[in-house]
Amino acid sequence: MNFEKHILVTGGAGFIGSNLCVYLVHKYSNYKIINLDALTYAGNLENLKSIENAQNYVFEKGDITDESKVNALFEKYKFDAVIHLAAESHVDRSIRNPLTFVNTNIVGTMVLLNSCKHYWQDNLEDKLFYHVSTDEVYGSLGEIGLFTEETPYDPRSPYSASKASSDHLVRAYYHTYNLPVKISNCSNNYGAFQFPEKLLPIFIHKIKNGEKLPVYGDGKYTRDWLWVEDHCSAIDVIFHKGKVGDTYNIGGFNEWKNIDLIHLLCDKMDEKLNREIGTSRESIIFVKDRAGHDRRYAIDASKLSNELGWKPSLQFEEGLEKTIDWYLANSDWLENVTSGAYQEYHKEQYGNVL
Ligand code: NAD
Ligand code: DAU
């Protein structure tokens, strides 16, 4: 079968990557999607069951820091574009083990950029390196203001510093070698297939099991939440219509203080689990704060909406309901990923307090 484009998606077995692969495979039968993923603790082929036999999809196991593997894939598939999501993505883990983040997020990005430069150097037309990044590169906001594309970088965790570094490298390849690149910086995603180390899936899991709910610090930290499928549609729009060399912020204009979000989640879950409303709130405990915890993130996504016409499709409460329903209906998925190594991580992270 002839495909119009061969697109390498890195990290396609993770949370956002698997949602993106499913989105692209269904929407673009004329594109072949090649998913390269090392299947770390966060990568899970179960997320991709719905497309595993699709004609326009193939999975390749491999590490983005492995130059010979990446080059072999460029030889094999002659990629027209790369959408780069593979990363170590959890802030708490970056505090415990920063070097892994430097390796995957910085060195891995370099390896991909070098391969693009090498294989595309004779014809850059219609080629694209699309780098998926985070709003955390901008640092921490006070009570007011929003991150725009012009906000100076000020990363504060090893995770965000490694993502900031990779963003700089991507821009350096654009300016120095004319590599066609686009970057997007997105706020907190939520939805199906998120690994239960992040706030929403771990709290859903704990509420279901009647376990303690560990809120870091005073709980008044603020995040801007976006449904993962809306992140995928934003990537789609930027990939096709965004300007080469540009950066786009993606967010839901949907800020929540952690404690307010947790209260809402507790009450919605009490309702769904036929418990008296208020039951789950009683399990909230305030624990030692995350080191260097960024106080507030909030994205100004007006460039994306004004220039490219993107808008989030879901209201937050609807998205949250869908998300809770998904985790409750997919308890096997949750049980499978919370055994083995996960238990050790959980003990290290929360051991003394839970
Ligand atoms: P995730 O941790 O769920 O998934 C990461 C995936 O990358 C996993 O499948 C893992 O196996 C793979 N991976 C890790 N190291 C690799 C390596 N060396 N080689 C190949 N594959 C490797 O992450 P996520 O939440 O889906 O985030 C995806 C991307 O989006 C990341 O770049 C992250 O920085 C960015 N991002 C995430 C969010 C969010 O809220 N989750 C928001 C904005 C941006
Ligand atoms: O903003 C985008 C970023 O969002 C992404 O780049 C990251 O990959 C992603 O992990 C996410 O980072 P956060 O640190 O904001 O997400 P996390 O789910 O870890 O935490 C959300 C908030 O909840 C944060 O203020 C810390 C708090 N928290 C988290 C956990 C896991 C708790 O209070 N208790 C917890 O047990």
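Here are three short exercises with worked solutions on salt bridges and a helix contact in this predicted model.

**Exercise 1. Find out which parts of the chain are linked by the salt bridges of arginine 93 and arginine 96, and how far apart in sequence the partners are.**

Solution.
- Step 1: Start with the background: side chains of opposite charge can pair when their charged atoms come close.
- Step 2: Look at arginine 93, whose side chain meets that of glutamate 197 in a salt bridge, with 2.6 Å from N to O.
- Step 3: Place the two partners: arginine 93 sits in helix H3 (residues 91-96), while glutamate 197 belongs to the loop between strand E7 (188-190) and helix H6 (199-209). They are 104 residues apart, so this pair links distant parts of the chain.
- Step 4: Check the surroundings: arginine 93 and glutamate 197 are both buried.
- Step 5: Move to arginine 96, which forms a salt bridge with glutamate 348; their closest N and O atoms are 3.7 Å apart. Glutamate 348 is in helix H12 (residues 341-350) and arginine 96 in helix H3, 252 residues apart.
- Step 6: Arginine 96 has 43% relative accessibility and therefore counts as partly exposed, as the range for that class lies between 20% and 50%.

**Exercise 2. Work out which helices are tied together by lysine 272 and glutamate 321, and which network includes this pair.**

Solution.
- Step 1: The side chains of lysine 272 and glutamate 321 form a salt bridge of 2.7 Å, N to O.
- Step 2: Lysine 272 lies in helix H8 (residues 258-272) and glutamate 321 in helix H10 (residues 316-329), so the bridge joins parts 49 residues apart in sequence.
- Step 3: Both ends count as partly exposed: lysine 272 at 29% relative accessibility and glutamate 321 at 25%.
- Step 4: Widen the view: a network of salt bridges links Lys268, Lys272, Glu317, Glu321 and Asp325. For the whole structure, a search finds 19 salt bridges.

**Exercise 3. Describe how H6 and H10 cross, and name the residues that make their contact.**

Solution.
- Step 1: The axes of H6 and H10 come within 11 Å and cross at roughly 60°.
- Step 2: The two helices are therefore oblique to each other.
- Step 3: The crossing of H6 and H10 is right-handed.
- Step 4: From H6, the contact uses Leu200, Pro201, Ile204 and Lys208; from H10, it uses Leu320, Thr323, Ile324, Tyr327 and Leu328.
- Step 5: Sorted by class, the contact of H6 with H10 has seven nonpolar residues, one polar and one charged.

Notes:
Residues numbered from 1 in each chain as written. Chains lettered and ligands numbered in written order. Predicted model: local features only at pLDDT ≥ 70, side-chain atom pairs only at ≥ 80, totals over all residues. Heavy atoms only, no water. Salt bridge = Lys/Arg side-chain N within 4 Å of Asp/Glu carboxyl O. Helix = DSSP H or I, 4+ residues; strand = E, 2+ residues; numbered from the N terminus. Buried < 20%, exposed > 50% of the residue type's maximum accessible area, 1.4 Å probe, protein only. Axes fitted to C-alpha atoms, helices over the stretch in contact; angles between N-to-C directions. Parallel < 35°, antiparallel > 145°, perpendicular 65-115°, else oblique. Left-handed = near helix turned anticlockwise from the far one by under 90°. Contact = heavy atoms within 4.5 Å. Nonpolar A, V, L, I, M, F, W, Y, C, P; charged D, E, K, R; others polar.
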